[in-house]
Amino acid sequence: MSDWVTAFAPASIGNVGVGFDMLGLALEGAGDKVLARRSDGTDVSVAEVRGLDGELHPYLSTDAKSNTASIAAQALWGAHGDGRGVELKVHKGVPLQSGMGSSAASAVAAVVAVNALLDEPLPTPELLAYALEGEKFASGGLHADNVAPSLLGGLVLCPQVLLPDVVQLPAPDGVSAALLHPDLQVNTAQARKGLAKSYSMQLWVEQQGLLAGFIAACGASDIELIGKTLRDVIIEPQRAAAVPCFGAVKAAAEKGGALGCSLSGSGPSIFALCRTAHARNIASAMEQACRSQGIGCQSWVSPMTAPGARIESS
Ligand code: HSE
């Protein structure tokens, strides 16, 4: 029997359009795996990092102090481990710099795997604070909108002011997410630095209203209200230009009947919430629009109740 524990953590949609840094949605169909086992050392080390092609990753670091997974794992192991060592293998399934919560998926899978090695594993929600240590390193900011849904699944409200507490929101009936990943990269840390530092009262009030309305709409499964409130008047206008296919993809999603469409996290991925019956067609229309701009892409359709991280084998 193998002494490796394998954990899987899903990709996620950051911001969900209306909730910059405080709303996240787990995505079914893509995720990272982290394998963990006890080792002879005294700390967490990284034995290998493999990319989407299964080959050793050309540049993701195996230096434990520079790897999102090991930073998160070390935070947990340092606080609750037995002083011996842990070795990790990181197998990427989420494209890097994709806006799909790639670093969060690695950090979450790492803490879930290492938690299983503890004599007394912590309850899953308590792992959030440790996973956030890895995410902080990767994105240069404290935001849980990828880590929280990747860990817990579904739609999660996670404003910084409440952390490490988060609120799992009810997913509306009959609504799914379509996510398009164009073959482009956006560095989240850079994208965050480029954002304006202050905003008008008018924009702030408008965005608050949209977020409040969207959360109420999800709770009531009010599809019309989701369609009215899934808008970002603050961040999307500043980031859209960095994703050359954004306008065409959003127009295609809206033409196909999407309830709303925006960047996932800092992009380049673009998501749309859709009536479930329309979601596949909308994802295809988004793909077509992206390819018509000369940019290759991949898409996923996911329920809004996608499960969070889990142990796959131990
Ligand atoms: N909330 C973060 C941002 C998510 O938009 O910068 C990054 O994936």
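Which atom of the ligand is 2.7 Å from an N or O atom in the side chain of D145? In this predicted model, the partner of the D145 side chain is a nitrogen atom of the ligand. A nitrogen atom of the ligand also lies 2.7 Å from a polar side-chain atom of N15. For R192, an N or O atom of the side chain is placed 2.7 Å from an oxygen atom of the ligand. On its own, the ligand has 260 Å² of accessible area, of which the protein covers 97%.

The shell around the ligand comprises N15, F20, D21, H143, D145, N146, T188, R192, R239, G265 and S266. By residue class, this shell contains six polar and four charged residues, together with one nonpolar residue. The space that the ligand takes up is the largest pocket.

The location of the ligand can be described in terms of the domain organisation. The protein chain is divided into domain 1, which spans 5-169 + 306-313, and domain 2, which spans 175-303. Because residues of the shell come from both domain 1 and domain 2, the ligand lies between them. The centres of the two domains, taken over C-alpha atoms, are separated by 24 Å. Direct contact between the domains involves 33 residues of domain 1 and 36 residues of domain 2.

Key
Residues are numbered from 1 along each chain as its sequence is written. This is a predicted model: local features need pLDDT of at least 70, side-chain atom pairs count only at pLDDT 80 or more; totals for chains, interfaces and linings use all residues. Side-chain values use heavy atoms; hydrogens and water are left out. A residue is near a molecule or strand if one of its heavy atoms lies within 4 Å of it. A polar contact is a pair of N or O atoms within 3.5 Å; within protein, one must be able to donate a hydrogen and the other to accept it, and residues adjacent in sequence count only if both atoms are side-chain atoms. Accessible areas come from the Shrake-Rupley method with a 1.4 Å probe; for residues, only the protein chains shown count as cover. On a 1 Å grid over the protein atoms alone, a cavity is a set of points where a 1.4 Å probe fits but cannot get out, and a pocket is an open set with protein on both sides within 12 Å along at least five of seven lines; lining residues have an atom within 4 Å of a point. A molecule sits in a cavity or pocket if more than half of its atoms lie within 2 Å of its grid points. Ala, Val, Leu, Ile, Met, Phe, Trp, Tyr, Cys and Pro count as nonpolar, Asp, Glu, Lys and Arg as charged, and the others, Gly among them, as polar. Domain bounds come from an automatic or database domain assignment. Contact means heavy atoms within 4.5 Å.
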